[in-house]
Amino acid sequence: MKAHDGMYIGGAWRPAAGTDTIEVVNPADEQVIDRVPAGTAQDVDAAVRAARDAFPAWSTTPPAERAALIGALRDQLVARKDEIAETVTAELGSPLPFSQMVHAGVPILVAGSYADLAATYSFEEKIGNSTVYLEPVGVVGAITPWNYPLHQIVNKVAPALAAGCTVVLKPAEDTPLTAQLFAEAAHEAGIPAGVFNLVTGLGPVAGQALAEHEGVDLVSFTGSTAVGKQIGATAGAAVKRVALELGGKSANVILPSADLAKAVNVGVANVMSNSGQTCSAWTRMLVDSARYDEAVELAAAAAAKYGSRIGPVVNAKQQARVRGYIEKGVEEGARVVAGGAEAPHEQGYFVQPTVFADVTPEMTIAQEEIFGPVVSIIRYEDEDDALRIANGTVYGLAGAVWAADDAEAVAFARRMDTGQVDINGGSFNPQAPFGGYKQSGVGRELGPHGLTEYLQTKSLQF
Ligand code: NAD
């Protein structure tokens with residue numbers, strides 16, 4: 001697609017208030033592919049005003065009509081799915097088949113699920129002598145990261161619109177073209193002017209202005225824990241609602257009774273997909289002492305198979321960061337059994353699929369989020385030890401448990417401090433609540449739980 005040189009505000013593309021731009025770079029070849037305007041507080045203010053103006057009519061539009069418009073938005077995403085996949089590949093670098101299946105495919109499912117929910121959800125309930133109305137919170141400031149550019153946008157915009165909220169979106173600076181495509185889709189779908197607005201720009205400028213704006217009632221943020229803490233503090237000081245989807249360091253717990261080869265192969269694939277840039281990736285593989293060496297061999301072989309099939313990471317800074325973590329792992333005594341810190345190609349922000357053995361739970365690579373294609377294999381002695389290691393980080397976003405039968409895995413999963421666990425390779429459910437325990441966040445996205453984030457209650461007593 002060709003980038004717009006303005007902001008989508010009040011149903012039209014308008015010139016940006018300032019003249020600064022952000023370069024969009026293809027991480028596979030380091031070439032500048034386009035430029036988008038770098039929004040300022042003035043652009044944010046115009047967008048928030050448009051969203052406020054649109055709120056009274058949209059919040060009182062019958063849910064069935066909102067559902068039909070969200071359904072039309074989904075249809076627009078379907079019609080543009082090839083363009084979406086190509087755009088994500090160009091600005092994020094993910095291989096085209098993955099962009100088609102996941103980056104374009106999953107948001108279509110999520111948008112469809114909210115079209116259905118808006119049509120069927122009961123925005124009213126009876127409790128004794130009270131009628132409780134579930135009303136939209138108001139204007140939403142949505143701030144999204146680059147790792148799943150369209151998914152993160154749809155995860156916020158679709159439930160917000162279903163609830164009757166209006167939205168100002170500030171997408172990540174690395175992937176603004178996908179956000180502009182989404183704005184085009186919303187426009188073509190007939191979403192009324194001002195209900196959805198887009199301001200591209202830098203986090204500390206446009207993002208911060210949006211989080212601080214007094215016309216915003218709810219800030220929904222997905223990104224790093226460091227920025228999330230700042231946004232939580234800002235929102236708390238203004239007594240604003242806030243939803244935070246933050247980092248992770250999830251454990252893939254392979255119990256002694258599990259099918260080891262399957263658990264290791266699926267576990268390595270989970271981390272390597274999207275070049276390791278998945279907040280819920282199972283970056284710590286926990287294996288019992290008796291089968292540790294076998295697991296290491298299997299994981300090294302699985303990672304080696306990825307070789308050149310893996311895409312780059314998003315930018316030069318992330319590449320340097322991930323390579324720095326690999327060097328740190330070596331310094332702290334972990335053993336590289338696949339990959340390593342050296343860049344595999346001269347051009348592009350590539351990182352080798354890397355597996356570390358002999359990782360101990362307190363090492364930096366076992367504690368901090370790397371956000372790259374790096375798996376750490378950690379040895380445990382018994383189930384209690386495995387649980388202590390699994391729960392032994394500040395994060396609690398996701399995880400996996402493998403055992404000979406589901407009941408054994410479920411019993412372990414119930415003791416994990418984490419928001420979602422895949423049992424024996426259970427598949428992604430776009431309607432299940434997604435969000436973190438501990439420092440992985442506050443609030444949930446997806447399905448009915450994701451919808452309630454955008455609703456507030458009013459009870460009338462009779
Ligand atoms: P980031 O925190 O740097 O940026 C996320 C967004 O916040 C971007 O749009 C950015 O421009 C904006 N931002 C940056 N500084 C800001 C500020 N001071 N005020 C307001 N907005 C600001 O994160 P990132 O590097 O883009 O994304 C990677 C991180 O996101 C990882 O830590 C990952 O785990 C996390 N993540 C979490 C989830 C989840 O659902 N829990 C999903 C995807 C990514």
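In what order do the seven strands of the open sheet with mixed pairing stand?

## The seven-stranded sheet

Keep in mind that you're looking at a predicted model. Reading across this open sheet, you meet β14, β15, β16, β13, β12, β17 and β18 in the order β14-β15-β16-β13-β12-β17-β18, with mixed pairing. At the edges you'll find β14 (335-338) and β18 (422-423); each has a single partner strand, so one side of each is left without a neighbour in the sheet.

Let's zoom in on the β14 edge. Here β14 runs antiparallel to strand β15 (residues 354-359), and three bridges join the two. One spot to look for is A338, whose bridge partner in β15 is V355.

## A helix across the strands

Now find helix α9, made up of residues 260-272. It lies across β12 (251-254), β13 (284-288), β15, β16 (374-380) and β17 (399-402). Against β12, helix α9 runs at about 175 degrees.

## The three-stranded sheet

There's also an open sheet of three strands, in the order β5-β6-β20, and its pairing is antiparallel. Its edge strands are β5 (124-127) and β20 (455-461), each pairing on one side only. On average, neighbouring strands in this sheet are turned by 25 degrees against each other, direction ignored.

How many bridges does β5 share with strand β6? There are four, linking β5 to residues 130-136 of β6 in the antiparallel sense. To see where the two strands line up, pick out E124: it stands opposite Y133 in β6.

Methods: Residues are numbered from 1 along each chain as its sequence is written. This is a predicted model: local features need pLDDT of at least 70, side-chain atom pairs count only at pLDDT 80 or more; totals for chains, interfaces and linings use all residues. Side-chain values use heavy atoms; hydrogens and water are left out. Two strands pair if DSSP finds at least two bridges between them. Axes are lines fitted to C-alpha atoms, for helices over the stretch in contact, and angles run from 0 to 180 degrees between N-to-C directions. Contact means heavy atoms within 4.5 Å.
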